[in-house]
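Here's a quick briefing to read alongside the coordinates. Have the viewer open and follow along.

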Amino acid sequence: MILIIGAGGVGQSIAIRFHELGEAVGLLIRPYQDFAFPFPTWRNLEEVPLSRISIIFLAVRDGQILPLAHILSRQMQQGTLLVHTAGSVPIAVLESVVGRQAGVLYPLQSFTPGRSVQWGAFPIFWEGHPQVEAYAKRLAGTDHQVHHATSEQRLRLHIGAVFTANFTNALLHIADTLARPIGSWQTYLPLLQEVGQKLHMLSPQRAQTGPAKRGDYETLRMHTDYLRQHYPELAPLYEGLTHYILQHLSQSSCQ
Ligand SMILES: NC(=O)c1ccc[n+]([C@@H]2O[C@H](COP(=O)([O-])OP(=O)(O)OC[C@H]3O[C@@H](n4cnc5c(N)ncnc54)[C@H](OP(=O)(O)O)[C@@H]3O)[C@@H](O)[C@H]2O)c1
């Protein structure tokens with residue numbers, strides 16, 4: 001039986017996926033949480049049939065992984081695998097507690113509770129015990145999205161994911177502020193969609209557009225002047241990203 005600990009975005013998604021694949025799965029949730037899942041949920045570790053558990057996925061916040069691993073190591077059966085799902089927690093953290101029974105399964109996707117993801121459409125990176133690769137392939141439903149990554153490679157992938165997903169989302173929050181009252185973040189969704197679609201065909205360097213790419217310095221000056229006057233905290237952000245484009249993505253940097 002598979003035990004998932006933590007009913008956040010990742011824990012819920014993995015538990016539901018394994019259940020849909022016909023695996024025996026159970027989810028350890030917090031006593032204050034109230035969910036109706038079609039598989040067992042427990043509110044205390046003491047309720048979990050640990051003798052029947054072959055693998056435990058720790059889908060908890062990064063800082064909760066080590067303390068929880070110590071608690072589990074005193075109660076879990078010998079031979080049970082202990083796996084975390086974090087991008088930036090080295091496998092050595094779990095190996096220090098359970099040795100070779102440790103593993104990492106990092107799905108490179110954005111998970112939000114209550115929202116389903118399309119397994120198989122995004123990569124999964126694994127490390128540690130060889131059986132973890134098989135679990136990753138089961139979740140993905142395909143071999144070609146499953147890759148081995150060392151802890152340092154995974155850290156770099158995670159930083160890249162923060163730039164790609166978290167920063168883009170935060171930038172849309174800024175765009176929402178600027179569009180009010182005539183528009184909102186939704187005004188930009190067709191633009192965002194086109195940027196994403198283009199990247200299936202073109203590199204970021206080829207796909208880049210905008211005043212910094214073109215070298216329209218007068219427009220850049222207008223934008224920074226406006227931000228300094230009305231949203232001073234946004235001006236350094238605009239200038240920093242513009243500097244990056246001028247250095248790495250503009251017409252002059254491409255020559
Ligand atoms: N979300 C993503 O997009 C994403 C993507 C890839 C990887 N990851 C990784 O996946 C892990 C989980 O991320 P998440 O976003 O799903 O986290 P999350 O939304 O914060 O959910 C974690 C859940 O685990 C619960 N929890 C912690 N300790 C527990 C315990 N001992 N027993 C039962 N429940 C416990 C937390 O409850 P409390 O709040 O009460 O502590 C919380 O409900 C992290 O390591 C993260 O780096 C996340």
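What follows goes from the overall layout to the sheet, the domain contact and the salt bridges.

This is a predicted model. The protein has 255 residues, and 39% of them are buried. Its secondary structure adds up to eleven helices and eight strands, and the chain splits into domain 1 (2–149) and domain 2 (154–254).

**Overall layout**

- Along the principal axes, the C-alpha atoms fill a box of roughly 70 × 40 × 30 Å.
- Taking contacts with a separation of 6 or more, 51% come from residues 24 or more positions apart.
- There's a cis peptide bond to look up between R180 and P181, with omega about 0°. P181 sits in the loop between α5 (151–179) and α6 (189–198).

**The sheet**

- The eight strands form an open sheet in the order β3-β2-β1-β4-β5-β6-β7-β8, and the pairing is mixed. At the edges you'll find β3 (41–42) and β8 (146–148), each of which pairs on one side only.
- As background, strands in a sheet pair through backbone hydrogen bonds, in either a parallel or an antiparallel way.
- Over by β3, strand β2 (residues 25–28) pairs with β3 in the parallel sense through two bridges. In that pairing, L28 stands opposite W42 of β3.

**Around strand β5**

- Strand β5 covers residues 81–84, and its side chains alternate: L81 and V83 point one way, L82 and H84 the other. All four of these residues are buried.
- On one side, β5 pairs in the parallel sense with strand β4 (residues 55–58) over four bridges. L58 has H84 as its bridge partner in β5.
- To get from β4 to β5, the chain goes through helix α2 (residues 65–73), and this β-α-β crossover is right-handed.
- Strand β6 (residues 102–107) also runs parallel to β5, with three bridges joining the two. H84 turns up again here, standing opposite V104 in β6.
- Another right-handed β-α-β unit is built from β5, helix α3 (residues 91–98) and β6.

**Where the domains meet**

- The C-alpha centres of domain 1 and domain 2 are 35 Å apart. Domain 1 puts 13 residues into the contact, and domain 2 puts in five residues.
- Between them, the two domains bury about 720 Å², with 58% of it on carbon and sulfur atoms.
- On the domain 1 side, G87, S88 and Y106 supply 52% of the area buried against domain 2, more than any other three residues.
- One salt bridge is counted between domain 1 and domain 2.

**Salt bridges**

- How many salt bridges does the structure hold? The count is ten salt bridges.
- E23 and R138 form one of them, with their closest N and O atoms 2.6 Å apart. This pair links distant parts of the chain: E23 is in the loop between α1 (9–20) and β2, R138 is in helix α4 (residues 131–140), and they're 115 residues apart.
- E23 counts as partly exposed, at a relative accessible area of 26%. R138 is partly exposed too, with 35% relative accessibility.
- E127 lies in strand β7 (residues 124–128) and R154 in helix α5, so this pair ties together parts that are 27 residues apart in sequence. Their closest N and O atoms are 2.8 Å apart in a salt bridge.
- Are E127 and R154 buried or exposed? Both are buried.
- R228 and E239 also meet through their side chains in a salt bridge, at 2.3 Å from N to O. R228 belongs to helix α9 (residues 217–230) and E239 to helix α10 (residues 235–248), eleven residues apart.
- R228 has a relative accessible area of 46%, which makes it partly exposed. E239 is partly exposed as well, at 31% relative accessibility.
- The R228 and E239 pair is part of something wider: salt bridges with shared partners join E218, R221, D225, R228 and E239 into one network.

Conventions: Residues are numbered from 1 along each chain as its sequence is written. This is a predicted model: local features need pLDDT of at least 70, side-chain atom pairs count only at pLDDT 80 or more; totals for chains, interfaces and linings use all residues. Side-chain values use heavy atoms; hydrogens and water are left out. Buried means under 20% relative accessible area, exposed over 50%, partly exposed in between (1.4 Å probe, protein chains only). Two strands pair if DSSP finds at least two bridges between them. A crossover is right-handed if, with the strands pointing away from the viewer, the path from the first strand over the helix to the second runs clockwise. Domain bounds come from an automatic or database domain assignment. Contact means heavy atoms within 4.5 Å. Buried area is the accessible area (1.4 Å probe) that two parts lose on being put together, summed over both. A salt bridge is a side-chain nitrogen of Lys or Arg within 4 Å of a carboxyl oxygen of Asp or Glu.
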